[in-house]
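User: I should like to learn how the features of a structural model are read, one at a time. Please take me through an example.

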Amino acid sequence: MGKRMDMWEENYEVIWNFASENHRGPSRHRIEEHNMLNWLKYNRKIMNKGELDEYRKKKLLELVGLIHSFKRVNQYC
């Protein structure tokens, strides 16, 4: 694997571990989490443009699914 792929995998693992431990995604209100949030937003943008390869797209969708699983649902709806 190339250096870019290694960096992508490292960032993916950091965010996966963060979401698993904290039961939420990175917050825009916490400065120390901005790098993770920006990485997620950038990769979502690339995916929505159709420029992300299938391997990364699959992994990113799993990560977004994990983060989304922690969102609360309004109990009164």
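**Reading a helical model**

Analyst: Let us begin with one residue and its contacts. In this predicted model, His-23 touches Phe-18 and Phe-70, when residues up to four places away in sequence are not counted. His-23 itself lies in the loop between α1 and α2. A spacing between C-alpha atoms adds to this picture: His-23 and Ile-67 are 44 residues apart along the chain, yet their C-alpha atoms are separated by 7.4 Å.

User: Which elements make up the chain, and in what order do they run from the N terminus on?

Analyst: The chain holds three helices and zero strands, and its elements run α-α-α from the N terminus on. As for overall dimensions, the C-alpha atoms fill a box of roughly 50 × 25 × 20 Å along the principal axes. The accessible surface of the chain comes to about 6,100 Å², and 51% of that belongs to carbon and sulfur atoms. Of the 77 residues, 32% count as buried.

User: How is the packing of two helices to be read? At what angle do α1 and α3 pack?

Analyst: One looks at the angle between the axes, then at the distance, the handedness and the residues in contact. Helix α1 (residues 3–22) and α3 pack at an angle of about 15°, their axes being 10 Å apart. Because angles under 35 degrees count as roughly parallel, α1 is roughly parallel to α3. The crossing in which α1 passes α3 is left-handed. On the α1 side the contact includes Trp-8, Glu-9, Tyr-12 and Trp-16, and on the α3 side the residues include Tyr-55, Lys-59, Leu-63 and Ile-67. By class, the residues of this contact divide into eleven nonpolar, one polar and five charged.

User: What is the relation between α2 and α3, and which residues make their contact?

Analyst: The axes of helix α2 (residues 34–49) and helix α3 (residues 54–69) come within 11 Å and cross at roughly 125°. The two helices are therefore oblique to each other. Their crossing is left-handed. From α2, the contact is made by Trp-39, Leu-40, Asn-43, Arg-44 and Met-47; from α3, by Lys-57, Leu-60, Leu-61, Leu-63, Val-64 and Ile-67. The classes here are eight nonpolar, one polar and two charged residues.

User: How does one judge a single charged residue? Is Glu-9 buried or exposed?

Analyst: Relative accessibility is compared with a cut-off, and buried means under 20%. Glu-9 has 14% relative accessibility, so Glu-9 counts as buried. Glu-9 lies in helix α1. Leaving aside neighbours within four places in sequence, Glu-9 is in contact with Tyr-55 and Lys-59.

User: And Arg-28: where is Arg-28 found, and is Arg-28 buried or exposed?

Analyst: Arg-28 is found in the loop between α1 and α2. With a relative accessible area of 62%, Arg-28 is exposed, since exposed means over 50%. Beyond its neighbours within four places in sequence, Arg-28 is in contact with His-34 and Leu-37. Between Arg-28 and Tyr-55, which are 27 residues apart in sequence, the C-alpha to C-alpha distance is 27 Å.

User: What share of the contacts in the chain between residues at least 6 apart in sequence joins residues at least 24 apart?

Analyst: The share is 52%.

Conventions
Residues are numbered from 1 along each chain as its sequence is written. This is a predicted model: local features need pLDDT of at least 70, side-chain atom pairs count only at pLDDT 80 or more; totals for chains, interfaces and linings use all residues. Side-chain values use heavy atoms; hydrogens and water are left out. Axes are lines fitted to C-alpha atoms, for helices over the stretch in contact, and angles run from 0 to 180 degrees between N-to-C directions. Helices (H or I, at least four residues) and strands (E, at least two) are DSSP runs, numbered from the N terminus. Angles under 35 degrees count as roughly parallel, over 145 as roughly antiparallel, 65 to 115 as roughly perpendicular and the rest as oblique. A crossing is left-handed if the near helix is turned anticlockwise from the far one by less than a right angle, and right-handed if clockwise. Contact means heavy atoms within 4.5 Å. Ala, Val, Leu, Ile, Met, Phe, Trp, Tyr, Cys and Pro count as nonpolar, Asp, Glu, Lys and Arg as charged, and the others, Gly among them, as polar. Buried means under 20% relative accessible area, exposed over 50%, partly exposed in between (1.4 Å probe, protein chains only). Accessible areas come from the Shrake-Rupley method with a 1.4 Å probe; for residues, only the protein chains shown count as cover.
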